[in-house]
Amino acid sequence: MEIRLNKARKLTGTLRMPGDKSIAHRALILGAMAQGEQVIGGLPDSGDVRSTAECLRALGCRITVGQDGRLVVRAGRWTADPDLYAGNSGTTARLLAGLVAGRRLDCRIDGDESLRERPMARIAEPLTRMGANVRTRPGGRLPMQVRGGNLKGIVYRPEVASAQVKSAILIAGLHAEGKTTVVEPVPTRDHTENLLTAMGVPVERKNGSVSVSNRCRPGGIGVEIPGDVSSAVFFVVAASLLRGSEICLRGTGINPTRTGAIQVLREMGARIELANVGSCAGEPVADIIVRSEPLKAVDIDGSIVPALIDELPILAVAATQAEGVTTVRGAGELRHKESDRIRSTVRNLSRLGADIEEMEDGFVIRGPSNLKGAEVQSFGDHRAAMSMAVAGLVADGETRIQDAGAAGISYPGFFDDLRELARS
Ligand code: S3P
C-alpha cells in the first residue's frame, strides 16, 4: 500500500491511542499462565498482538470475547508440540520462548523474513543455562526449537539492555526451581514486573536486579490496557512541529521506563503537559496535552536509550526541525529492530533533504532543514512508516510512503487518525 501526504497546517483535536502493545502481549501471556480468568480491556487490534493471541491458541489457551467486548483468557490443556508463528513480533517470539522453556513443551518458533533476521541467542543462551533445550538456526536466528521443563533458577547479567530478554527469563523463572534473578546493565521497561505484581506474584526489585521464584502462580485479574505512549509520540512530535497545533491524547501510559521521548522532547523545548494522572493494573496513565513550540537540538546517550528505543526514528524527524546539532549515540540496538533503524532512518530522511549522518551506534542531525516531499520506504517497519508520515506533514510538496501498511503492526488506524487531526 502506498500512502501520499502533503504538508499540513496544524493538528488539533482529541484522540485515544490503541492499547499499549508491550502491555498487551504480557496481559495475554501471563493470563495464559494464570489461575482463573484474565479479563483484558483495551487490547489493540494490531498485527503483533494478534500473533501472540494466535500462538497462545495454538498452545491450547482459550481466548474468547466477552459480552462487553473485553477479551477473556483462560489456561487450557497445553498442546505439547505446536508450531508457533510469531509473525513480525520479537516480543511474541522471545516471551513465548520463556513460557515454553518453563514447561514440558516442545515448540518450533518461527517468524516472518524480518524476524528471522533478528538475534535470538540472547534468549537461547540464558534459557539453556536454566536447563531448557534450545536450538536456533546458525547465527542464533529463527526458526528456534525450544524443549522445556526441569528448569533451575539462575542469576543472569545480560550484556544488552533488553526488556524482552529480561521478561523471557522471568517468565521461565516462574517455573524454575529456586530463585531467578536478572541484573540489568540499564533499566528497561518494567511492564512484566508490574503485571506480575498486580497478579499477586512476589517480585523482588533492588539495585537494578529483579527476582521471581516458582512459589506462586499468577492469579487472573481484570487488566485495562492504557493507550500506547510509543504511538502517542508520533502525534506529540507532529503537534510540536506544526505551528498553531493543540492536541490531547487521552488515557496514555506514562510509565517512566517508556517516556524517555517525552523527557527529551521537553528538553528540546516542546510544550507537553500531563493531566488526569491516574493508574490502571499497576501502570500510570494520563492525558497528554501538546501545543506547538520551536525545538532546539539535544544529545541522546545510551543511559536513556532503553526508555525511548522505539521512538528514535520519530525523534530523528523532530531533530530535522530543531535548531542545532542533535546527536544520538549508544543506540546500536536500533540495528536489530524490525528494520535496521539507523539505516532506514538515515535513508528516508536523506531522501527528504535532511542533513543526517550515519554512525555505527546512532546518527547526527543538523537542523533545522527544509524537508521536501519525495518517495520513501517503510522497509517493512511500522515505526518507519509512521515517522515518514509525520515528516510528510512538515515537508513541502507530496511525500509518498511505499509499503505503508506496515503501520498495522502496532496501529492499524494510524493514517486515518493523523488525517483526522490534520483536517479539524
Ligand atoms: C519490547 C522491548 C523492546 C522494544 C520492543 C518491545 C517489549 O525491545 O524495542 O518494541 O515489549 O519488551 P528489546 O527488549 O529487544 O530492546
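**Close-up views of a predicted model**

**View 1. Ser 209 sits in strand 15, which covers residues 209-213.** What you see here, and in every other view, is a predicted model. Is Ser 209 buried or exposed? With a relative accessible area of 14%, Ser 209 counts as buried, because the cut-off for buried is under 20%. Which residues does Ser 209 touch, once you skip those up to four places away in sequence? Look for Thr 181, Val 182, Val 183 and Glu 204.

**View 2. Stepping back, the whole protein has twelve helices and 25 strands.** Its radius of gyration is 21 Å, close to the 22 Å that the globule rule gives for 424 residues, so the protein is as compact as a globular protein of that length. If you follow the C-alpha trace along its principal axes, it spans about 60 × 45 × 40 Å. Of the 424 residues, 60% are buried. Now take the contacts with a separation of 6 or more: 75% of them come from residues 24 or more positions apart. On the outside, the protein exposes about 16,000 Å², and carbon and sulfur atoms supply 46% of that. As for charge, there are 54 positive and 50 negative side chains, and the centres of these two sets lie 3 Å apart.

**View 3. Phe 235 and Tyr 411 make one of the five aromatic pairs in the structure.** Their ring centres are 6.1 Å apart and their planes meet at 45°, so this pair is tilted. Which parts of the chain does the pair link? Phe 235 belongs to helix 7 (residues 229-241), while Tyr 411 lies in the loop between strand 25 (398-402) and helix 12 (414-423). That puts the two partners 176 residues apart, so the pair links distant parts of the chain. Both Phe 235 and Tyr 411 are buried.

**View 4. Phe 414 and Phe 415 form an edge-to-face pair.** Here the ring centres are 5.3 Å apart, and the pair counts as edge-to-face because the planes stand at 75°, past the cut-off of over 60 degrees. How buried are the two rings' residues? Phe 414 is buried at 0% relative accessibility, and Phe 415 is buried too, with a relative accessible area of 8%. Zoom out a little and you can pick out a cluster: ring pairs link Phe 234, Phe 235, Tyr 411, Phe 414 and Phe 415.

**View 5. Helix 4 runs over residues 121-130.** Which residues of helix 4 are buried? They are Arg 122, Ile 123, Ala 124, Pro 126, Leu 127 and Met 130. Keep going along the chain, and just after helix 4 you reach Gly 131, which takes a positive phi of about 120°.

**View 6. Ala 407 is found in the loop between strand 25 and helix 12.** Ala 407 has a relative accessible area of 3%, so it is buried. What is Ala 407 in contact with, leaving aside its neighbours within four places in sequence? The list is His 382, Ala 385, Met 386, Pro 412 and Phe 415. You have already met Phe 415 as a member of the ring cluster. There's also Gly 47 to look for: Ala 407 and Gly 47 are 360 residues apart along the chain, yet their C-alpha atoms are separated by 9.1 Å.

Terms used
Residues numbered from 1 in each chain as written. Predicted model: local features only at pLDDT ≥ 70, side-chain atom pairs only at ≥ 80, totals over all residues. Heavy atoms only, no water. Helix = DSSP H or I, 4+ residues; strand = E, 2+ residues; numbered from the N terminus. Buried < 20%, exposed > 50% of the residue type's maximum accessible area, 1.4 Å probe, protein only. Contact = heavy atoms within 4.5 Å. Rg over C-alpha atoms; globule rule 2.2 N^0.38 Å. Areas by Shrake-Rupley, 256 points an atom, 1.4 Å probe, with all protein chains shown as cover. Lys, Arg positive; Asp, Glu negative; His and termini not counted. Charge placed at Lys NZ, Arg CZ, Asp CG, Glu CD. Phe/Tyr/Trp six-rings, centres within 6.5 Å; stacked < 30°, edge-to-face > 60°.
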